[in-house]
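Visitor: I've got this one open in the viewer and would like a walk through it. Mind if I fire off some questions?

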Amino acid sequence: MARAGGITNAVNVGIAVQADWENREFISHISLNVRRLFEFLVQFEATTKSKLASLNEKLDVLERRLELLEVQVSTASANPSLFST
Amino acid sequence: MMAVPVEEAIAALSTFSLEDEQPEVQGPGVWISTERGATDSPVEYSDVSAYRLSLSEDTKALNQLNALIQEGKEMASVLYTYRSCVKALPQLPDSMKQSQADLYLETYQVLDLEMSRLREIQRWQASASSKLAADMQRFSRPERRINGPSISHLWSMLKLLDVLVQLDHLKNAKASIPNDFSWYKRTFTQVSGQWQDTDSMREELDDLQIFLSTRWAILLNLHVEMFRVNNVEDILQVLIVFVVESLELDFALLFPERHVLLRVLPVLVVLATSSEKDSESLYKRVKINRLINIFKNDAVIPAFPDLHLSPAAIMKELTTYFQKFSSQTRLLTLPAPHELPLREAQDYQRHYLIINHIGVIRAEHDDFTVRFASAMNQLLLLKSTDGSDVDWSKEVKGNMYDMIVEGFQLLSRWTARIWEQCAWKFSRPCKDVTNVELHDSSASFSDYEKVVRCNYTTEERRALVELVSYIKSVGSMMQRCDTLVADALWETIHAEVQDFVQNTLATMLKTSFRKKKDLSRILSDMRTLSADWMANTNKSESELQSSQHGGEESKGSFFYPRAVAPTAAQVHCLQFLIYEVVSGGNLRRPGGLFGNSASEIPVNDLKQLETFFYKLGFFLHILDYTVTVATLTDLGFLWFREFYLESSRVIQFPIECSLPWMLVDCVLESPNSGLLESVLMPFDVYNDSAQQALVVLKQRFLYDEIEAEVDHGFDIFVSKLCETIFTYHKSWAASELLDPSFCFTSDNAEKYAVQPMRFNMLLKMTKVKLLGRTINLRSLITERMNKVFRENLEFLFDRFECQDLCAIVELEKLLDVLKHAHELLSRYLSIDYFSLMLNEMQENISLVSFSSRLASQIWSEMQSDFLPNFILCNTTQRFIRSTKVTPLQKPSIPSAKPNFYCGTQDLNSAHQSFARLHSGFFGIPHMFSIARLLGSRSLPWLIRALLDHISNKITLIEPMITGLQESLPKTIGLLPFDGGVTACVRLVKENLNWGTKSELKAEVLRGIKEIGSVLYWMGLLDIVLIETDTMHFMQTAPWLGLVPGADGQILNAHDGGDSPVVSLFKSTTAAMVSSPGCPNPNSFHIMAKQAEAADLLYKANLNTGSVLEYALAFTSAALDKYCSKWSAVPKTGFIDITTTKDFYRIYSGLQIGYLEASVQVPANSHERLGDSVAWGGCTIIYLLGQQLHFELFDFSYQILNIAEVEAASVVQTNKNPHFLVQGWDALLEAMKKARRLNNHVFSMLKARCPLEEKTACAIKQSGAPLHRIKFENTVSAFETLPQKGA
């Protein structure tokens, strides 16, 4: 019966595997942190966007009020005679 | 620069505050850019050879199969998204028949492109089948020269088989393909006439035709390929055993894999039993009951989004092609879904419908989210603690790992439920369409509507929404913490693997495997290729010792945590080796994979190996975290309906038939608001669908269709949502404003209560992620709200303009409701100020115009309707519409949705019943409404307009009065007493010979009536304003330090000093500033200054005058011009009795005239004039200084005197008292009434406009009165007084 081949050079493989674990630790460490950095940027963008959105909302309200005030002022300044007395 | 460790730098980022207050009410919504993850083995197992397990043949075969699977999936999506071209082909009109050949050529070219794809599929399946068969044959040779097949290899075989089965199934289902092909063939014969050498092409065509028109052609072909050599039974049996055991264990499988296994199992069984050899060997290894159980448990299996498979049906159909299989009666008697007896169908229904499980799912979800969050918190705590305990750290991370595994399993189960429910629904279309509550029941329904639109009840839709939102929210929760948990997961997996290979295997090697050299070699190989002996040796010594101490007690050896997971190749090799251990490398070994009692391995060890084996399978899913989450939460299939599109012969279904939209709609329409926060979840389904269309199916047109539907759907969604929000707030406001005592006494007050709804989460959404776009839902809603409030205002004003003045109370009420709704909504949404919108809609923005839309409407209404048509009742203080005048033609009242009134129908009718109470008259409540609605801004404008009206009226009646004066006789003496009442009345009639001037008379009376009405109206306004002012005064007086004095004068309580409000603020400021801790003294100074300003402003506002007095003064000034005409100075210097033509004389005549008319039997003139004539007439008389003259010489007064005397004399002579005055009762009564009324008016006038003072102050020529109250701010009103005719 032919059993599965078995590792031909077990010692060398063992050493290589050990080295591989260490190398991969470094790689996964770096890649995870790069991903975290990326995630931070994404989140930062999202937060900034929503902060800008709320700022925009406030500006919108102000703008509309300002528009109204401008109209009011223009109606008043169109009739300067009213203020002469 | 100093180098900073990466970890620290990243950790520093967490000091940024990244809260954005966005509620989690939508799905992950990310466009997953799926990089090939660990499960895909990015390097195609090329690192397997490094482990020197002689697996190179196996790896090569594996990669070949994987490549084929990839290609096959693409073929399948080509086939699935295939849409018939024939329908789009143009037909030539008769006039262009000569170009028929050209058309054929063009058609041929178009179709050829499509057909070449089908040809490619045909070729591909042939090669794939032969490769798969060859692969199976190669790896199942009993004499085995090569290692394999590994478990991954088995999986690849199954997956490729699945692809082939799916492709076959799809080919069978798509009717348009043979249809298109026959067109193609026809055009080919037309076109190819001139071509040479078409034989080979024709042959190829015939081939393709056979392929396309034969059912299960691919499977038959595969069968032929497989059984070329007669030794695939073994591997088929192994595959079946593997499938059955995996399905029965159901631990390591996520739903996509489970569905693959379920789909291939019936086909495998058919193939295995169709061979020449006796098929009973299969049932020796796998009991037939196990198979039947599996087939029965899953009667329908999803294959494509709108296409399902049924094992029973497939097996039945395949018997015609595989004769041998027809003997398997037990498998063939399984009923297909459409043949199920009613009872069993109901059992399945119970199993498949989510609604029957939603309670359990809800509990699972709640429990899981809580525990997941707590595991996350523990992990965060661990990360923020320095030098934490190793055991604790391991426990926390292990717990996190467990939670992730559980999460994946939950998601997999839930999503599978949706898939399976869909498949079940597709297999059982709604039969009784009319039952479904659809409004357009007359229309016939397409098949797709029968399986989707009509097939889900409201409850089922709600359950589906709930489940979708659970999947999406758990999914996004897990997606978000990806990088946070990654190292913990790696570490835990690392520990698991190391624990197994370093401890468990060591124990096994020492005990049960000591004697078995072959097996122990394999075990030590497993150790060699995955053990990490020197992990984390950089830990400090002390830590090492302490942890080692704990480790030694429980375990044989200790290993150190390392946040690195095994590679896919390592997992692959470990699984292969375990399989080698348990199977002994012999495919023919009887029994199952692990369930082998005849094995030489002790049961206990076998169990451990089995557990680890399946765990290894699951590790890959965990390592491939984001991809797994994305796969498990992908609900894009809910949108796709390519199969039904084809069978229904339409281009696309309307949005109402689309399942994601149905879910959105269901949430919006549902009266229960519990699901409202999940309304965005179904939109994430569109994200998934779009992603699938682009990445999986790779079809641009599908994406375009999805995008179009999303655009359309989102628009409807926003408008419906806004409608709901508006209606809700409107009814909330209306129910709050409803009279509490009314609600208390109402029998069913509940119907006026509003069910609370939670919108605030939705209202916070500034970023809704939709097809890669970010939509600011909040601003969209704000925009629409601003619009709808304006529309509502516009509508209310329009409505008022179509009604009479009495509707002002209703208008105010409705405006109040709207304003309150605005207030309630403003808590969550920053919409425009209500006053701003009101001003805008009232056209009242300008600073220099004081009229407003409402004021001018009221004014024009008064002019055209109120003053001429309403009559005053002095007793009730009300004006009512005269019954004698024909009502004015008005435009019909516009109608609108209930939410433009008070929200719901019930609230509308409640409020309307209040409004109706005020719709029939005009009185104090109306005046209050006018005063409140117009405010101090437009009210003066209206007053001014009314005063002008008085002055105009006076000018108007002046010539008429002159006319009446002219036709008076030269002299009218005092009425003689001797004639009695009858004679007097006759005498008066003779004297007042105005017979020809009756028109003039009526006109003058109308004028006087209108003047009187205006003055009375002013009186009402005065009452209202005084009440308002008093209220105002009561509120401000204590702050201003005002106290009422003895004679009604207002006194200052503080002499010369500051008022209470000022001194309060001053002392506070002083105290604050003097204290050393005051941060900002300046602001307190400012506040104190502001208090002074407020003091001044409020004081200045206190002495407002009386509108009525002002109106009287104005009228008096207006009359001054006519003084000479209406109040001639007697030439003699004595009172002129007989020849006078003063106003009072005219009015006397008019009064007696209309009194007489009023007592005539069809009484009408009073109905037309009311009490305001007396108000008008008496006021003019009074202001002309003729009150005493009038009281002395008025005809009716004189008659009354005579009647009194007469009555007295009658009593004295004891005669019948009714003898003489008989017949005059009614007239005398009317005269008395008139006298009483006149007296009332005169006394009021004396009180409000004392004549002595008037004469003392006089009115200037300019019209400006110098009165005890100075109207300094309104002087301009007099200066611009239209002195008509002056």
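**A tour of the two chains**

Guide: Happy to start with the small print: this is a predicted model. In chain A, buried residues make up 7% of the 85 residues.

Visitor: What is the secondary structure of chain A?
Guide: There isn't much to list here. Chain A has zero strands, and its helix count is one.

Visitor: Which residues of chain A does UniProt list as "coiled-coil region"?
Guide: The span in question is 94% helix and 0% strand, with its end C-alpha atoms 50 Å apart. The label comes from an unreviewed UniProt entry, which gives it to residues 45-79 of chain A.

Visitor: On to chain B: what share of its residues is buried?
Guide: Chain B has 50 helices and nine strands. Among its contacts between residues at least 6 apart in sequence, 80% join residues at least 24 apart. Of the 1286 residues in chain B, the buried share is 42%.

Visitor: Which helix gives the most to the side of chain B that touches chain A?
Guide: The contact takes 45 residues from chain A and 47 residues from chain B. On the chain B side, helices H1 (6-13), H19 (482-510), H20 (517-530) and H22 (568-583) each supply at least two residues. The one that gives the most, with six residues, is H20(B).

Visitor: And how many residues on that side of chain B are nonpolar?
Guide: Let's go through the classes. The side of chain B that touches chain A has 13 charged residues and twelve polar ones, and its nonpolar residues number 22.

Visitor: Which strand gives the most to the side of domain 3 of chain B that touches domain 4 of chain B?
Guide: In the domain division of chain B, domain 3 is 772-922 and domain 4 is 955-1022 + 1108-1279. Their contact takes 13 residues from domain 4 and nine residues from domain 3. By class, the domain 3 side has four nonpolar, four polar and one charged residues. Three residues of that side come from the element that gives the most, strand S5 (residues 870-873) of chain B.

Visitor: Let's look at single helices. Within what arc do the buried residues of H5(B) fall?
Guide: Helix H5 (residues 176-191) of chain B has 16 residues, which should span 22 Å at 1.5 Å a residue, and its end C-alpha atoms are indeed 22 Å apart. Its buried residues are Ile177(B), Asp180(B), Phe181(B), Tyr184(B), Thr187(B) and Phe188(B). Seen down the axis of H5(B), they line one face of the helix, because they fall within an arc of 125°.

Visitor: Which helices do those buried residues of H5(B) pack against?
Guide: The partners belong to chain B too. They are helix H3 (100-139), helix H4 (151-173) and helix H6 (199-213).

Visitor: How about H39(B): which helix do its buried residues pack against?
Guide: In H39(B), Val1062(B), Phe1065(B) and Thr1069(B) are buried. They cover an arc of only 70° around the axis, so they sit on the same side of H39(B). On the other side, Ser1067(B), Ala1070(B), Ala1071(B) and Ser1074(B) are exposed. The buried residues of H39(B) pack against a helix of chain B, H40 (1081-1100).

Visitor: Why does Met837(B) count as buried?
Guide: Met837(B) lies in helix H33 (residues 834-841) of chain B. Leaving aside residues up to four places away in sequence, Met837(B) touches Phe789(B), Arg790(B), Leu793(B) and Asp832(B). The cut-off for buried is 20 or more other C-beta atoms within 10 Å. Met837(B) counts as buried because its C-beta neighbours inside 10 Å number 20.

Visitor: How far apart in space are Met837(B) and Lys787(B)?
Guide: In sequence, Met837(B) and Lys787(B) are 50 residues apart. In space, C-alpha to C-alpha, the distance is 9.6 Å.

Visitor: Last stop, the backbone oddities. Is Arg52(B) buried or exposed?
Guide: Arg52(B) is found in the loop between H1 and helix H2 (56-80) of chain B. Its phi is near 50°, a positive value in a residue other than glycine. With 20 C-beta neighbours inside 10 Å, Arg52(B) counts as buried.

Visitor: What is the phi of Glu843(B)?
Guide: Glu843(B) sits in the loop between H33 and helix H34 (853-869) of chain B. With 14 other C-beta atoms within 10 Å, Glu843(B) is partly exposed. Although Glu843(B) is not a glycine, its phi is positive, at about 55°.

Technical notes:
Residues numbered from 1 in each chain as written. Chains lettered and ligands numbered in written order. Predicted model: local features only at pLDDT ≥ 70, side-chain atom pairs only at ≥ 80, totals over all residues. Buried ≥ 20, exposed ≤ 12 C-beta atoms within 10 Å, placed from the backbone. Helix = DSSP H or I, 4+ residues; strand = E, 2+ residues; numbered from the N terminus. Arc of directions from axis to C-beta. Contact = placed C-beta atoms within 7 Å. Nonpolar A, V, L, I, M, F, W, Y, C, P; charged D, E, K, R; others polar. UniProt positions renumbered as here; feature names shortened; annotations may be inferred. Domains from an automatic or database assignment. Expected span 1.5 Å × (residues − 1).
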